[in-house]
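Open your viewer and get a selection box ready. We will walk through this model one stop at a time.

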Amino acid sequence: MSSGSFVDVPKDLLKEIKRLEELFTVDTAKLKQITDHFVNELEKGLSKEGGTIPMNPTWVMSFPTGYETGTFLALDMGGTNLRVCQITLTEQKSEFDIIQSKYRMPEELKTGVAEDLWEYIAECLLQFIQTHHGDVSKLDKIPLGFTFSYPATQNYIDEGILQRWTKGFDIDGVEGHNVVPMFEKALKERGVPIKLTALINDTTGTLIASAYTDTKMKIGCIFGTGCNAAYMEDCGSIPKLEHLNLPPDTPMAINCEWGAFDNEHKVLPQTPYDQSIDSDSPRPGQQAFEKMIAGLYLGEIFRLIMVDLHDNHDVNIFSGQDIGKLRRPYTLDSSFLSAIEDDPFENLSETRELFQNQLGIDPNQSELELIRRTAELIGTRAARLSACGVAAISKKKGYKECHVGADGSVFNKYPHFKKRGAAALREILDWPEKADPNDDDPIEILAAEDGSGVGAALIAALTLERVKKGNMHGILHPENFQ
Ligand code: BGC
């Protein structure tokens, strides 16, 4: 926004806008510093000593060829919804058929008891199979790829020891344990005819699904409720797997879990609002990077700023109004910020209506300018920091040109996220200005194929295929791969 829009904004409000701009702007030099530190941290995560970024090997050991076939179930336990799909990879190269059902993930399950979670998931699967296959007692076990999008240690592809809950989940008795037996127990109790062939992170699914249709895809990213990326490493560059004596040039997809980047607060420009998000979260000290970028937190950062400007600063915004609704934590999600940034009107009338309808607050014109600028600052910072992660993986791998497949609500729906991310990538990697604005960037972040559906099915197919060929690395239950 040009400073011209602020001509009528009183001085004290302008001062606050300036303060926020200083707090939230990440300039090119800072982006580069963050990226360099990021590259080191990626390396550290692969080392024997380990680092803050988990860099989890996933036992996904090849890209798809496009000629994979078969019918698979896929279960996606994301941050917001539960989705069950049946995917048929057809004989035609890179083509598939899909049927799917979405189930709401009840809010209370996220902080409830583990058994309730697994029972709910098993019920959804049972319902899906009954609808599409009829009597479950007559069915052979169907292979399933389970997209479990939380940091998990995988000594095997059919194992996932939860390192910690993220995205606001907080269920006792799961962290530090393998989730697969818990899940299988619930299936068995209900007679659900499923054999789990792969536990998958959404980023790995995104990487593989995107590579199915585009061989230039080298990185899979999620910018949604949480944020993270996966890419293909060579086993020879993973010192922490050295003891397994895998051939050094064998590929291994790494689920970075980069949400944990800079938990030590060495480079990220944390604001007091970020600190407050962290200390009030179920896992303080964790997911420092994610908490500045992911959809779960963007609305909350905004809310904290608004409440602070009402309570603690001379400007005293929304003076004399009841801000009770605004005081409720996590009452605004990132779609609220999206709507503010999308307001097409010079007088920000849509933003005003949004505040009136959702919060019972009637902002004046200057406050509306502050609101819009705040949303822009939060959204822009998220996009620019995200680019540091993409640049870091590209630098580490020496990728000068590639495609990055991205998915998630922030990537798909947040206004200008793609454009701002691309601009930051250009600054970090010192690309010259484009001769023609329609030219592609050397590294392009593009909308991904469906990772937790098609990606999960492909990973199940690739795993069955490699087991058939005798590659038993990272397989705990070979009997499920017959
Ligand atoms: C999780 C990752 C996941 C990401 C995006 C993060 O909170 O730790 O496993 O890939 O969210 O869903």
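Which residues does UniProt give for the feature "domain: Hexokinase C-terminal"? Select residues 218-462, where UniProt places that feature in an unreviewed entry; its positions are in the numbering used here, its feature names are shortened, and annotations may be inferred rather than shown by experiment.

Before going on, two notes on the ground rules. This is a predicted model, in which local features need pLDDT of at least 70 and side-chain atom pairs count only at pLDDT 80 or more, while totals for chains, interfaces and linings use all residues. Residues are numbered from 1 along each chain as its sequence is written, and side-chain values use heavy atoms, with hydrogens and water left out.

**The two annotated spans**

Within residues 218-462, 45% is helix and 12% is strand, and the end C-alpha atoms are 17 Å apart. Helices (H or I, at least four residues) and strands (E, at least two) are DSSP runs, numbered from the N terminus. Now switch to residues 17-212, listed by UniProt as "domain: Hexokinase N-terminal" (unreviewed entry). Here the end C-alpha atoms lie 46 Å apart, with 35% helix and 23% strand.

**The ligand**

Next, select the ligand and its shell of 15 residues, each with a heavy atom within 4 Å of it. The closest are Thr166, Asn201, Asp202, Glu257 and Glu290. By class, the shell has four nonpolar, seven polar and four charged residues; Ala, Val, Leu, Ile, Met, Phe, Trp, Tyr, Cys and Pro count as nonpolar, Asp, Glu, Lys and Arg as charged, and the others, Gly among them, as polar.

Try a few distances to ligand oxygen atoms. A polar side-chain atom of Asn201 is 2.7 Å from one, and a polar side-chain atom of Asp202 is 2.6 Å from one. For Glu290, a side-chain N or O atom lies 2.9 Å from a ligand oxygen atom. The protein covers 98% of the 310 Å² of accessible area that the ligand has on its own (Shrake-Rupley method, 1.4 Å probe). Colour α5 (202-213) and β10 (227-234), the elements that give two or more residues to this shell.

**The cavities**

How many cavities of 30 Å³ or more does a search of the whole structure find? There are two. A cavity is a set of points, on a 1 Å grid over the protein atoms alone, where a 1.4 Å probe fits but cannot get out; lining residues have an atom within 4 Å of a point. The largest holds about 80 Å³, and its lining includes Trp165, Thr166 and Tyr297. Finish at the second largest, of about 60 Å³, where Asn201 is one of the lining residues and no charged residues are found in the lining.

Conventions:
Polar contact = N/O pair within 3.5 Å; in protein donor to acceptor, adjacent residues only side chain to side chain. 1 Å grid on protein atoms, 1.4 Å probe; cavity = no way out; pocket = protein on both sides within 12 Å on 5 of 7 lines; lining within 4 Å. Points joined across faces, edges and corners; volume = space filled by probe spheres on them.
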